[in-house]
Amino acid sequence: EKEPENELPQDLGEFLSSLPKDKDWVLPHLYQYQGFWHSPKYFRGLLACQQHFQPLDTDIILITNPKSGTTWLKALVYACVNRVIYPPNSENHPLLTNVPHDLVPFLELELYNELNHLPDLSSIASPRIFSTHLPYVSLPNSVKDSQCKVVYLCRNPKDTFVSLWHFCNKLRNENQGTLLLEEAFDLFCRGVCINGPYWDHVLSYWKASLELPRKVCFVKYEELQENPFVHVKRLADFLGYSFTLEEEKIGVVDEILKLCSFENLSNLEVNRTGILSHRGGGENQAFFRQGKVGDWVKYLTPEMSDRFDQITRQKFEGSGLDS
Ligand code: A3P
């Protein structure tokens, strides 16, 4: 099947060369499109998804900055909305044998990133759950125009940065060696990281959640860690899958939290030794490191921490967002 004419730039290379470029953490370069940095590997997916993705009103789209807890959010939402067909304590629950990324695929990184091929999403049972790292400005207009629900998970910039630094170093090959923390820090502060600037990404969804509270639900990783019971119930309410009192009483919410906990997921065979079915078959275990809040103190100097605080204050000032 050939690509429909005029729908993707005929020569992606030529298109990329018209964009600002800077250093990537893994591959040679990132390119800036609509104000955010992207890997050339995923431009095809980004553009195709913007042009072709047609959400259903019942769809759920999970959105994050990379390393903000995407894997956890995917597991929680999947377990919540499918709890009737797959009770969270059932022995054949799909989360026991599939990495959450294989149950909730990425739009631009996987589904729309196949060469010469658009995905057929019509056979997926509703409610369909998809995910993306795209910033609000680059989200397909069809998503903004439809009734589908969007959940945005945000994590504090310091832990997100440290997690991203570890993750990218796992993706670099031996010849590249380790990306120094100081260099990564400088790039991150300048906004040069995948889907960066981090702060603009968060802010764009924070604003959308204030303007469209029934469409966009804004969740914080730290709050989810602190009080998962309350926040998963809030999430279920938002998505239209509220837990009944009876379900709460018999422990369905607790079962979901247990199933999706870092301890449980990270120790499953599929997540210890499995390989992703998409995106070049990376190792599932790369998505599970510590799963803690505040791990950054082991890595950032007081000066680095101050710099992050300063940027965060400056970017989030007046927005009502403080983390
Ligand atoms: P750390 O590197 O700080 O440990 P993403 O899923 O967006 O790639 O984010 C990965 C981060 O989420 C990693 O953070 C990872 O350990 C953490 N994580 C993965 N599964 C989790 C879970 N079930 N509960 C809490 N955190 C989890």
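Which residue in β3 is the bridge partner of Tyr31? In this predicted model, the partner is His38, and this pair offers a friendly way into the sheet to which β3 belongs.

That sheet is open and has three strands, arranged in the order β1-β2-β3 with antiparallel pairing. The edges are taken by β1, residues 21-23, and β3, residues 36-38. Each of these edge strands has a single partner strand, so one side of β1 and one side of β3 are left without a neighbour in the sheet. Between neighbouring strands of the sheet, the turn averages 40° when direction is ignored. Strand β2 spans residues 29-33 and is joined to β3 by three bridges, the two strands running antiparallel. A helix accompanies this part of the sheet: α2, made up of residues 43-52, lies across β2 and β3. The direction of α2 is at about 20° to that of β2.

Further along the chain comes α9, a helix of 14 residues. From its first C-alpha to its last, α9 reaches 20 Å, which is close to the 20 Å expected at 1.5 Å a residue. Several aromatic side chains of α9 are buried, among them Tyr198, Trp199, Tyr205 and Trp206. The buried residues of this helix also include His201, Val202, Leu203, Ala208 and Ser209.

Just before α9, the backbone holds a cis peptide bond, which joins Gly196 and Pro197 with an omega of about 5°. Pro197 belongs to the loop that leads from α8 (181-189) to α9 (198-211). Another cis peptide bond links Ser126 and Pro127, and here omega is about 0°. Pro127 sits in the loop between α5 (107-111) and β5 (129-132).

The loop between α5 and β5 also contains Asn116. Although Asn116 is not a glycine, its phi is positive, at about 55°. With a relative accessibility of 36%, Asn116 counts as partly exposed.

A positive phi is also found at Lys67, where the angle is about 70° although the residue is not a glycine. Lys67 is placed in the loop that connects β4 (60-64) with α3 (70-81). Is this lysine, Lys67, buried or exposed? The relative accessible area of Lys67 is 14%, and buried means under 20%, so Lys67 is classed as buried.

Conventions: Residues are numbered from 1 along each chain as its sequence is written. This is a predicted model: local features need pLDDT of at least 70, side-chain atom pairs count only at pLDDT 80 or more; totals for chains, interfaces and linings use all residues. Side-chain values use heavy atoms; hydrogens and water are left out. Helices (H or I, at least four residues) and strands (E, at least two) are DSSP runs, numbered from the N terminus. Buried means under 20% relative accessible area, exposed over 50%, partly exposed in between (1.4 Å probe, protein chains only). The expected span of a helix is 1.5 Å times one less than its number of residues. Two strands pair if DSSP finds at least two bridges between them. Axes are lines fitted to C-alpha atoms, for helices over the stretch in contact, and angles run from 0 to 180 degrees between N-to-C directions. Contact means heavy atoms within 4.5 Å.
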